[in-house]
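Reader: Could you take me through the salt bridges in this one? I'd like a close look at the partners, where they sit and how open they are.

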Amino acid sequence: PVPRSDDVFNPYIAYCQRRSMPRAEITLHAKRHFSLGVSAYTNVTSPLRRYFDLIAQRQLRAILGIDEPYTYQELDRLLADLEPAVSRATAISQARNRYWLLKFLATCQGKTLKAQVLDRFPNRFQIWLEELCMDADIPLAFGRNLLPEQHIDVVVESVLPQEDVLKLRLKA
């Protein structure tokens with residue numbers, strides 16, 4: 001079961017909920033939206049931002065009798081053409097955001113940051129850097145059994161933004 005809280009943002013609860021959600025998917029078949037609890041869902045924003053939004057708006061215009069709808073085959077071809085580009089754009093956006101966070105953290109070497117433990121893996125802990133709202137990893141602290149939701153202090157050891165490297169250690 002996924003923990004829930006209606007009061008205050010809790011990074012651990014958000015992490016558990018995020019891990020339990022299926023990945024977002026663009027498809028031609030109606031699928032249930034996990035967090036909204038609806039049987040079908042579409043996302044439409046400015047057609048200047050995303051071509052998928054322009055396609056959705058054209059289909060809505062067709063329902064209103066203003067335009068001709070795309071055929072299933074046309075939509076299938078558009079989806080096949082656009083999906084890799086959308087995946088690349090998402091990855092680039094995430095990498096850009098991480099780069100600038102790391103660029104800032106490079107100015108914090110030797111400083112202590114507040115964190116919360118999210119998960120334990122075979123050779124690392126996943127943590128939440130509270131001030132930056134950022135997930136990060138620290139190596140297993142031998143002799144220390146950290147628990148999910150535990151608040152800890154970590155020290156920024158080294159940061160190489162261009163190599164996407166962030167080395168943190170548990171403060172003694």
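Author: Here is a walk through the salt bridges, with some background on the chain to begin with.

Keep in mind that this is a predicted model. The protein chain has three helices and five strands, and from the N terminus on they run α-α-α-β-β-β-β-β. The radius of gyration is 21 Å, well over the 16 Å that the globule rule gives for 172 residues, so the chain is more spread out than a compact globule. Along the principal axes, its C-alpha atoms fill a box of roughly 65 × 40 × 30 Å. Buried residues make up 27% of the 172.

On to the charges. The chain carries 23 positive and 20 negative ones, and their mean positions are 5 Å apart. Searching the whole structure turns up eight salt bridges. Let's go through three of them.

Start with Arg18 and Asp135, whose side chains meet at 2.8 Å, N to O. This pair links distant parts of the chain: Arg18 belongs to helix H1 (residues 11-20) and Asp135 to strand S3 (residues 134-139), 117 residues apart. How open are the two ends? Arg18 has a relative accessible area of 41%, so it is partly exposed. Asp135 comes in at 23%, again partly exposed; the cut-off for buried is under 20%, so Asp135 doesn't qualify as buried.

Next, over to the C-terminal strands, where Arg169 and Glu157 form a salt bridge of 3.0 Å, N to O. Arg169 lies in strand S5 (residues 165-170) and Glu157 in strand S4 (residues 151-160), so this bridge ties together parts that are 12 residues apart in sequence. Arg169 is partly exposed at 36% relative accessible area, and Glu157 is partly exposed at 41%.

The last pair is Arg61 with Asp67, at 2.7 Å, N to O. Arg61 is partly exposed, with 38% of its relative area accessible, and Asp67 is partly exposed with 29%. While you're there, have a look at Gln57, which sits in helix H2 (residues 51-63). Gln57 is partly exposed too, with a relative accessible area of 29%. Its C-alpha atom is 7.4 Å from that of Val44, 13 residues away along the chain.

One more number for the wider picture: among contacts in the chain with a separation of 6 or more, 47% come from residues 24 or more positions apart. The Arg18 and Asp135 pair, 117 residues apart, is a good place to start looking.

Terms used. Residues are numbered from 1 along each chain as its sequence is written. This is a predicted model: local features need pLDDT of at least 70, side-chain atom pairs count only at pLDDT 80 or more; totals for chains, interfaces and linings use all residues. Side-chain values use heavy atoms; hydrogens and water are left out. Helices (H or I, at least four residues) and strands (E, at least two) are DSSP runs, numbered from the N terminus. The radius of gyration is taken over C-alpha atoms; the globule rule is 2.2 Å times the number of residues to the power 0.38. Buried means under 20% relative accessible area, exposed over 50%, partly exposed in between (1.4 Å probe, protein chains only). Contact means heavy atoms within 4.5 Å. Lys and Arg count as positive and Asp and Glu as negative; His and the chain ends are not counted. The place of a charge is taken as NZ of Lys, CZ of Arg, CG of Asp or CD of Glu. A salt bridge is a side-chain nitrogen of Lys or Arg within 4 Å of a carboxyl oxygen of Asp or Glu.
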